[in-house]
Amino acid sequence: MFLQYRKQRKIVAETMQRLYWRGLTTASGGNVSLRTDNLVFITPSQTDKGKIHPKEIGIVTLDGKNLTPKLKPSMELQMHLQIYKSRPDITTIVHAHPFTATTLSAEDGLLSTEITGESRAVLGTPAFAEYQTMGTEELAKTVAEKAATANVILMQHHGIIALGKNMLQAFDRLEVLEMTARTIVLRNLCGIASKIPDNKIRIIDEMFRDF
């Protein structure tokens with residue numbers, strides 16, 4: 001059953017493993033999904049994310065019907081579904097808890113993408129979503145609203161959401177965000193305050209507008 005979706009499930013499982021082995025989340029933390037037409041392939045709840053197998057990836061419809069009832073989807077399923085509904089242009093969502101970026105998500109304004117050309121090009125301007133309890137409708141609604149205008153969302157006291165037109169793009173955005181956060185901490189320790197000038201930021205934004 002669902003043999004035609006082996007590729008999608010494999011991509012989701014491998015991405016979740018990659019997050020774990022890159023130290024971007026814990027064995028029980030984070031979730032990944034991929035949308036193909038009206039179907040969403042999403043990591044399950046309460047599974048070792050470092051050893052997850054493609055057969056463990058759940059399949060649900062955009063309306064939330066679980067087509068793999070023996071698998072329990074991530075508790076953040078509704079957040080993924082609402083994001084896909086608000087952003088029909090994206091097909092992948094990566095949510096994880098990278099250490100440094102999650103630390104800087106505690107307050108708005110701690111994380112800037114105006115410090116390197118790569119961070120600005122890849123991340124644009126991340127959005128900040130005020131704290132809501134994990135797995136709740138309030139969280140799903142809050143993050144989906146922020147996702148309407150941003151490809152990366154800092155979830156206060158929670159973690160990071162990255163969106164993409166493909167899985168590599170979403171993963172890259174999350175990884176670049178973590179590297180940016182580490183750079184900011186080091187810059188602060190060194191007392192470095194300079195940023196890319198506003199006129200140069202506008203050039204980067206225009207160059208990577210459709211990225």
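The paragraphs below go through helix packing, the nonpolar cores and several single residues in a predicted model.

Two packed helices are described by the angle between their axes and the distance between the axes. One such pair is helix α1, residues 6–21, and helix α6, residues 167–190, whose axes are 11 Å apart and meet at an angle of about 15°. Angles under 35 degrees count as roughly parallel, and α1 and α6 are therefore roughly parallel to each other. The crossing of α1 past α6 is right-handed. On the α1 side, the residues in contact are Ile11, Val12, Thr15, Arg18 and Leu19, and they meet Met167, Leu168, Phe171 and Leu174 of α6. Sorted by class, this contact between α1 and α6 consists of 7 nonpolar, 1 polar and 1 charged residues.

A second helix pair is formed by α2 and α5. Their axes come within 8 Å and cross at roughly 30°. With that angle, α2 and α5 are therefore also described as roughly parallel to each other. The crossing of α2 and α5 is right-handed. From α2 the contact takes in Gln78, Met79, Gln82, Ile83 and Ser86, and from α5 it takes in Glu137, Leu139, Ala140, Lys141, Val143, Ala144 and Ala147. The classes in the contact of α2 with α5 are 7 nonpolar, 3 polar and 2 charged residues.

Helix α5 itself covers residues 137–147, and its buried residues are Leu139, Ala140, Thr142, Val143, Ala144 and Ala147. These buried residues pack against α2 (77–86), and also against the strands β5 (127–129), β6 (152–155) and β7 (159–164).

The nonpolar cores come next. The largest nonpolar core contains 35 residues, and those with the most contacts inside it are Leu19, Phe41, Leu111, Leu174 and Leu177. Helix α6 gives the largest share of this core, with 8 residues. A second core, separate from the largest one, has 23 residues, including Leu77, Met79, Ile83 and Ala129. Two of the residues just named for the largest core have already appeared in the helix packing: Leu19 belongs to the α1 side of the contact with α6, and Leu174 to the α6 side. Beyond its neighbours within four places in sequence, Leu174 is in contact with Leu19, Leu24, Val94, Ala96, Pro98, Ile160 and Ala162. In the second core, Met79 and Ile83 are likewise residues of α2 that take part in the contact with α5.

Leu104 lies in helix α3, residues 99–104. Its relative accessible area is 10%, and under 20% counts as buried, so Leu104 is classed as buried. With neighbours within four places in sequence left aside, the contacts of Leu104 are Leu110, Leu111, Ala181 and Ile184. Among these contacts, Leu111 is one of the residues with the most contacts inside the largest nonpolar core. Leu104 is 23 residues from Ala127 in sequence, and their C-alpha atoms are 13 Å apart.

The loop between β2 (39–42) and β3 (58–61) holds Thr43. Thr43 is buried, with a relative accessible area of 0%. Leaving aside neighbours within four places in sequence, Thr43 is in contact with Val12, Met16, Asn31, Val32, Ile52, Ile57, Pro73 and Ser74. One of these, Val12, is also among the α1 residues that meet α6.

Gln46 is found in the loop between β2 and β3 as well. Whereas Thr43 is buried, Gln46 counts as exposed at 74% relative accessibility. Its backbone has a positive phi, near 55°, in a residue other than glycine. Asp37 also has a positive phi, of about 55°, although Asp37 is not a glycine. Asp37 is placed in the loop between β1 (31–36) and β2. With a relative accessible area of 66%, Asp37 is exposed.

The last residue is His157, in the loop between β6 and β7. His157 is exposed, with a relative accessible area of 52%. Not counting residues up to four places away in sequence, His157 touches Ser105, Ala106 and Tyr131. His157 and Thr183 are 26 residues apart along the chain, and their C-alpha atoms are separated by 20 Å.

Conventions: Residues numbered from 1 in each chain as written. Predicted model: local features only at pLDDT ≥ 70, side-chain atom pairs only at ≥ 80, totals over all residues. Heavy atoms only, no water. Axes fitted to C-alpha atoms, helices over the stretch in contact; angles between N-to-C directions. Helix = DSSP H or I, 4+ residues; strand = E, 2+ residues; numbered from the N terminus. Parallel < 35°, antiparallel > 145°, perpendicular 65-115°, else oblique. Left-handed = near helix turned anticlockwise from the far one by under 90°. Contact = heavy atoms within 4.5 Å. Nonpolar A, V, L, I, M, F, W, Y, C, P; charged D, E, K, R; others polar. Buried < 20%, exposed > 50% of the residue type's maximum accessible area, 1.4 Å probe, protein only. Core = buried A, V, L, I, M, F, W, Y, C linked by side-chain atoms within 4.5 Å.
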